[in-house]
Amino acid sequence: MTDMPSPSAPLKIGTRGSPLALAQAHETRARLSAAFDLPEAAFEICVIKTTGDDRSLIDADRPLKEIGNKGLFTKEIEEALLEGRIDIAVHSMKDMPTFQPEGLILDCNLPREDVRDAFICPAYRSLHDLPQGAVVGTSSLRRRAQLLHRRPDLKVVEFRGNLQTRLKKLGDGVAAATFLACAGLNRLGMTEVPAAPIATEDMLPAVAQGAIGIERRSDDARTQRMLASVHDAPTGDRLAAERAFLAALDGSCETPIAGLAEIDGDQLRLRGEILKTDGSAAFAGEIRGPVAEGADLGRRLAADLLGRAGPGFLAHKA
Ligand SMILES: NCc1[nH]cc(CCC(=O)O)c1CC(=O)O
C-alpha cells in the first residue's frame, strides 16, 4: 500500500480524554501499527473535548437524558473527523447512535471484550445478597430497569461520571453497589476492583457492550483499506444483528433495551429485552438464524417483542 502514515505525516486518531477512551485509542494504535509494521509514532492520538466531558454539565445532578444524550460524547469528535482534523475516531459502540452523520461511516470493530456487566459491591457478593431497601447507583436506564424488575425493593440513585468517579462514590458510601461493564474494567486493567461478572442470563447487557468501533470519512479510501485489516468480522456480524434490533425499536435513551448476539459456526443467536423504566414490566425473547441474516434477525426479534409488549410500550417516558 502506498501513502502509508509515517512519523512525519501520522494518521490522526481522535478520542475523548477519559481513561477508558484513551485505553481504547491506544489499543487501536497498537493494532494498526502491528498490522502494518509501522512505528507507533506513525499514529497520533488527538484528545477532543466533548459536551459530555464538560464538568459544568457532568457535575450537575441532572440525569444525562435531561441534558440531551444524543451525540453528547460524539458530536465534537465527528466534527473534527468531517473537517479533516483527525482521520479516524475511536468509540465505545455501546454509546453510538444507529445512524452516522452524512459523510461518516462506522464499519470497523476491534475484537470484542467481555460483554457482561459486573456487580461492584465492597460488602456483598451478589445482587441476591443485597439487603432489603439497599441503595444502588447507576446512570443506566437499562440497568436501573433490570435491577428494579428483579428487586423492586431496592432504591436506585443517579450515579454518573467515569469509572474512577463512580468507584469513589461507592467508597464514600453514596450507594452500596453499582454496575460497570466488565469490558471497561478489563481494558483499564482494574483487577483490584471488587467486581463480580453477572451471567448474561441474569442481566442481558446493552447492545454493543464491550465493542470498540472505528469511524472514518466515507470517501477516505486509504483509511478504509487500513481499517479493513484490523476489523474483526465476528464482532461486526454480532453488532449488525444487535444494532438492527436497536434501530427497529427506535432505541432512544428513554427506553431500556438490552440485546446480545452470539455466534456458533454459521448460526447466530440473538437475545433481546425491553423494559419499563421503573422495572414494572419486561419482555424478553430470542431468535436464531444464519449469521448472514443478522440484521433481519434483529428486526424480527424487535417486531416479536413489540408485538408482545403492545402498542405504546416504547412511548412510555420515565
Ligand atoms: N456508557 C458509558 C460506557 N460506555 C462504554 C462503557 C464500558 C465499555 C464497553 O461497554 O464497551 C461504559 C461504562 C460502563 O458501562 O461501565
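The dialogue below goes through a predicted model of a chain with a ligand.

Biologist: What is the mean pLDDT of the chain, and what scores does the complex get?

Modeller: A general caution comes before the numbers. Where pLDDT is low, the predicted coordinates should not be read in detail. Here the mean pLDDT of the chain is 92, and 92% of its residues reach 70 or more. For the complex, the predictor gives an ipTM of 0.96 and a pTM of 0.93.

Biologist: Into which domains is the chain divided?

Modeller: Domain bounds come from an automatic or database assignment. In this chain, domain 1 covers 11–110 + 211–231, domain 2 covers 117–197, and domain 3 covers 246–309. The C-alpha centres of domain 2 and domain 3 are 24 Å apart. Contact between these two involves nine residues of domain 2 and 10 residues of domain 3. On the side of domain 2 that touches domain 3, five residues are nonpolar, two are polar and two are charged.

Biologist: Which residues are around the ligand?

Modeller: To list such a shell, take the residues whose C-beta atom, placed from the backbone, lies within 6 Å of the molecule. That gives Ser92, Lys94, Asp95, Leu180, Ala181, Ala183, Gly184, Gln209 and Gly210. By class, three of the shell residues are nonpolar, four are polar and two are charged. Strand 8 (177–181) and helix 7 (182–187) supply at least two residues each.

Biologist: Why does the shell around the ligand lie between domain 1 and domain 2?

Modeller: Both domain 1 and domain 2 give residues to the shell, so it lies between them.

Biologist: Strand 8 came up there. What is the order of the strands in the open sheet of five?

Modeller: For a sheet, read the strand order, then the edges, then the twist. The order in this open sheet is 7-6-8-5-9, and the pairing is mixed. Strand 7 (155–157) and strand 9 (195–197) are the edge strands, each pairing on one side only. From one strand to the next, the twist averages 30°. Strand 8 pairs with strand 6 (residues 135–137) in the parallel sense, over two bridges. One bridge partnership is that of Val136 with Ala177 in strand 8.

Biologist: Which strands do helix 5 and helix 6 lie across?

Modeller: Helix 5 (residues 141–150) lies across strand 5 (117–120), strand 6, strand 7 and strand 8, and runs at about 170° to strand 7. Helix 6 (residues 163–171) lies across strand 5, strand 6 and strand 8, with an angle of about 160° to strand 8.

Biologist: In what order do the strands of the three-stranded open sheet come?

Modeller: One general point helps when looking at any strand. In a regular strand the side chains alternate between the two faces of the sheet. In this case the order is 11-12-13, with antiparallel pairing. The edges are strand 11 (257–264) and strand 13 (282–290), each of which pairs on one side only. Neighbouring strands of this sheet are turned by 10° against each other on average, direction ignored.

Biologist: How many bridges join strand 11 to strand 12?

Modeller: Eight bridges join strand 11 to strand 12 (residues 267–275), and the two run antiparallel. Ile263 stands opposite Leu268 in strand 12. The two strands form a hairpin with two residues between them, and Gly265 in the turn has a positive phi of about 65°.

Biologist: Which helix packs on this sheet?

Modeller: Helix 10 (residues 294–309) packs on the sheet formed by strands 11, 12 and 13, touching strand 11, strand 12 and strand 13. The direction of helix 10 makes about 150° with that of strand 13.

How values were computed
Residues numbered from 1 in each chain as written. Predicted model: local features only at pLDDT ≥ 70, side-chain atom pairs only at ≥ 80, totals over all residues. Helix = DSSP H or I, 4+ residues; strand = E, 2+ residues; numbered from the N terminus. Nonpolar A, V, L, I, M, F, W, Y, C, P; charged D, E, K, R; others polar. Contact = placed C-beta atoms within 7 Å. Pairing = 2+ DSSP bridges. Axes fitted to C-alpha atoms, helices over the stretch in contact; angles between N-to-C directions. pLDDT = per-residue confidence, 0-100.
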